[in-house]
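This report concerns the pocket, the surface and the charged pairs of one protein chain. Please consult the sequence and the structure alongside the text.

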Amino acid sequence: MTTPTSLGVDQVGTRIHDLTVIDVRTPGEYSSGHLPSAHNVPLDQLDRALPALTEAAGRGGLLFVCASGARSAQAARKLSARGVDAATLDGGTNAWSDRGHDLHRPEGARTTWGMERQVRLAAGSLVLVGLLVGLVLPWALLLSAFVAGGLVFSAVTDTCGMAAVLARLPHNRPRAADLDTTLAALRG
């Protein structure tokens, strides 16, 4: 098993044309802005894409990207466990954009909030509902406590169950044809 490599923005900037860039965010996040030439393979579709990703890695460098680097590191570790070399972009698309590099935004693409923003809205809403309903029904405060515990667990383990659930919502799901087209492009 190989250890995934983390590349800085400057390193990726000089090598981007030699890398197969895989954005593991949801399709909505991807359409809001991604690295040039990036292919969208959502993290939860990685197993399905494994044969195409293995082929692409055999032709050159494979770079996983997400918003901040957490999901891309997870993807790189998953492929590394299967013997496929992959790197990640340190700081993700946020770092890429912060360093003045352009993000590609397809014309007419719908814009969806980033997953972190979706999680903040969902978690905050659940905590607020738990507190408000808790004024009448004290047991409802457990909802707020459950969400708070989930957020702490998420921070400690660097995983997010709420993001996994939100990623399954229709606006965050790839159409089958889109993923099939991406996988065909990776094989070609």
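## The largest pocket

The model described here is predicted. Its largest pocket holds about 770 Å³ of space. A total of 32 residues line this pocket, and L43, R71, Q74, C160 and A163 are those nearest its centre.

Several helices contribute to the lining: α3 (46-58), α4 (70-80), α6 (115-134), α7 (141-157) and α8 (161-166) each provide at least two residues. By residue class, the lining comprises 15 nonpolar, 7 polar and 10 charged residues.

## A nonpolar patch on the surface

A nonpolar patch on the surface is formed by L126, L128, V129, L132, V133, L135, V136, L137, W139, L142 and L143, which together have about 1100 Å² of accessible area. Two or more residues of the patch come from each of α6 and α7. The greatest contribution is that of α6, with 5 residues.

One member of the patch, L126, is located in helix α6. With a relative accessible area of 34%, L126 is partly exposed. Patch membership requires over 30% relative accessible area, a cut-off that the 34% of L126 satisfies.

## Salt bridges between separate parts of the chain

Side chains of opposite charge can pair when their charged atoms come close. In the whole structure, 6 salt bridges are found. One of them joins the side chains of D10 and R99, with an N to O distance of 3.0 Å. This pair connects distant parts of the chain, as D10 belongs to helix α1 (residues 9-15) and R99 to the loop between α5 (92-98) and α6, 89 residues apart. D10 is partly exposed, at a relative accessible area of 45%.

A further salt bridge is formed by the side chains of D180 and R48, at 2.2 Å from N to O. Here, too, distant parts of the chain are linked: D180 is in helix α9 (residues 176-187) and R48 in helix α3, 132 residues apart. Both partners are partly exposed, D180 with a relative accessible area of 38% and R48 with 39%.

## A network around K78

K78 and D47 also form a salt bridge, in which the closest N and O atoms are 3.4 Å apart. Because K78 lies in helix α4 and D47 in helix α3, the pair ties together parts that are 31 residues apart in sequence. K78 is partly exposed, with a relative accessible area of 29%, and D47 is likewise partly exposed, at 46%.

This pair does not stand alone: D47, K78 and R82 are linked in a network of salt bridges.

Technical notes
Residues numbered from 1 in each chain as written. Predicted model: local features only at pLDDT ≥ 70, side-chain atom pairs only at ≥ 80, totals over all residues. Heavy atoms only, no water. 1 Å grid on protein atoms, 1.4 Å probe; cavity = no way out; pocket = protein on both sides within 12 Å on 5 of 7 lines; lining within 4 Å. Points joined across faces, edges and corners; volume = space filled by probe spheres on them. Helix = DSSP H or I, 4+ residues; strand = E, 2+ residues; numbered from the N terminus. Nonpolar A, V, L, I, M, F, W, Y, C, P; charged D, E, K, R; others polar. Patch = residues over 30% accessible without salt bridge, like charges linked within 9 Å, V, L, I, M, F, W, Y side chains within 5 Å. Areas by Shrake-Rupley, 256 points an atom, 1.4 Å probe, with all protein chains shown as cover. Salt bridge = Lys/Arg side-chain N within 4 Å of Asp/Glu carboxyl O. Buried < 20%, exposed > 50% of the residue type's maximum accessible area, 1.4 Å probe, protein only.
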